[in-house]
Amino acid sequence: MDPDSVKSTLSNLAFGNVMAAAARDYQKEVLAQEKVQASSSVNQDIDLDELMDDPELEKLHADRIAALKKEAEKRQALKRQGHGEYRETTEGDFLGEVTGSEKVICHFYHREFYRCKIMDKHLKSLAPIHVDTKFLKLDAENAPFFVTKLAIKTLPCVIFFRNGIASDRLVGFQDLGGKDDFSTKALEGFLLKKGIIKENKKEEEDDDSYDDRNRSVRSSINPDSDSD
């Protein structure tokens, strides 16, 4: 037999043995990984089952469900009292409205005043978010008794009531930078500082949402204005 042919045959056999060994090693490694994954999956299922049976977690879950239910019932009760929307009231209904809720914001306005329209739009945006507070508006021309009683001299005038008692007020835009282009967020921050509304984390909105809403406010007041 040709020596070169013998060498080639032996070399091919050796390479074949190496490949076969490598294939066996690879198969063993794959099987080992599958066993590890299966074991991990079983342990995870066991851990989840144990967690589901944990009495402390069950109690926390039940407490959370009860709290959510209570909050939903409270919101529904407040909405039945007129919360959650920005509403017009009258001089005849005014006392009942401000004494019927713990916290009330009432905007005394004049229908022809441009700044009153700006305030309207911002309060209308905030009312559905801060359901704990009642948001009202009252035409100052049609409520002379309360305009005199509350010493209202400048419009717009937003008065804050706590348990039926006037506790503070926002006159014009003097606490909002004195300009017409203040943001809804700026007004909300002022109301939070005064404590007449509380921070609502559930429905917290980012700056982009406020910017969109402010553009809507400006365009609804002045359709020809450019949006930023």
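How many bridges pair E4 and strand E5 (residues 165-171), and in which sense do the two strands run? They pair in the antiparallel sense, over six bridges. Keep in mind as we walk through that this is a predicted model.

Let's stay with these two strands for a moment. E4 and E5 form a hairpin, with two residues between them. If you look into the turn, you will find Asn-163, which has a positive phi of about 50°. Along the paired strands you can pick out residues that face each other across the hairpin. Val-158 stands opposite Leu-170 in E5, and Phe-161 stands opposite Ala-166 in E5.

E4 also has a partner besides E5. E2 and E4 pair in the antiparallel sense, again over six bridges. Here you can look for Lys-103, which stands opposite Arg-162 in E4. With these pairings in view, it is worth asking how many of the residues of E4 are buried. Five of its six residues are, and the strand is mostly covered.

One residue of E4 leads us to the next part of the structure. Phe-160 counts as buried, at 1% relative accessibility. Its partner Phe-190 counts as buried too, at 10% relative accessibility. Phe-160 and Phe-190 form an aromatic pair that is tilted, with 6.4 Å from centre to centre and 55° between the planes. Because Phe-160 lies in strand E4 (residues 157-162) and Phe-190 in helix H6 (residues 184-194), the pair ties together parts that are 30 residues apart in sequence.

Now follow Phe-190 into H6. The buried residues of this helix are Thr-184, Leu-187, Glu-188, Phe-190 and Leu-191. They cover an arc of only 160° around the axis, so they are on the same side of H6. Just after the helix comes Gly-195, whose phi is positive, near 80°.

Two of those H6 residues turn up again in the nonpolar interior. The largest nonpolar core has 19 residues, and Ile-105, Met-119, Leu-187 and Leu-191 are the ones that touch the most other members. Helix H4 (114-126), E4 and H6 are the elements that give two or more residues to this core. H4 gives the most, with four residues. To get a feel for the surroundings, try Ile-105. Leaving aside its neighbours within four places in sequence, Ile-105 is in contact with a list of residues that includes Leu-123, Phe-135, Val-158, Phe-160 and Leu-191. There is also a second, separate core of 16 residues, which includes Phe-108, Leu-138, Ala-143 and Ile-159.

Helix H3 is our next stop. Its buried residues are Phe-94, Glu-97 and Val-98. Seen down the axis of H3, these residues fall within an arc of 85°, so they line one face of the helix. They pack against E1, strand E2 (103-109), strand E3 (134-139), H5 and E4. The face turned away from this buried side carries the exposed residues Gly-92, Leu-95 and Thr-99.

Where does the chain go just before H3? Thr-89 lies in the loop between strand E1 (86-88) and helix H3 (91-99). Although it is in a loop, Thr-89 is buried, with a relative accessible area of 4%. Leaving aside its neighbours within four places in sequence, Thr-89 is in contact with Phe-94, Glu-97, Leu-136, Lys-137 and Leu-138. Two of these contacts, Phe-94 and Glu-97, are among the buried residues of H3.

That brings us back to aromatic rings. A search of the whole structure finds six aromatic pairs. In one of them, Phe-94 and Phe-146 are tilted, at 4.6 Å centre to centre and 50° between the planes. This pair links distant parts of the chain, for Phe-94 is in helix H3 and Phe-146 is in helix H5 (residues 144-149), 52 residues apart. Both rings sit inside: Phe-94 is buried, with a relative accessible area of 2%, and Phe-146 is buried, with a relative accessible area of 9%. The two also belong to one aromatic cluster, formed by Phe-94, Phe-108, Phe-145, Phe-146 and Phe-161.

Finally, return to Lys-137, one of the contacts of Thr-89. The charged end of Lys-137 sits over the ring of Tyr-109, 4.6 Å from its centre.

Conventions
Residues are numbered from 1 along each chain as its sequence is written. This is a predicted model: local features need pLDDT of at least 70, side-chain atom pairs count only at pLDDT 80 or more; totals for chains, interfaces and linings use all residues. Side-chain values use heavy atoms; hydrogens and water are left out. Buried means under 20% relative accessible area, exposed over 50%, partly exposed in between (1.4 Å probe, protein chains only). Contact means heavy atoms within 4.5 Å. Rings of Phe, Tyr and Trp (its six-membered ring) pair if their centres lie within 6.5 Å; planes under 30 degrees apart count as stacked, over 60 as edge-to-face and the rest as tilted. A charge sits over a ring if NZ of Lys or CZ of Arg is within 6 Å of the ring centre and within 35 degrees of the ring normal. A nonpolar core is a set of buried Ala, Val, Leu, Ile, Met, Phe, Trp, Tyr and Cys residues joined through side-chain atoms within 4.5 Å. The arc is that of the directions from the helix axis to the C-beta atoms. Two strands pair if DSSP finds at least two bridges between them.
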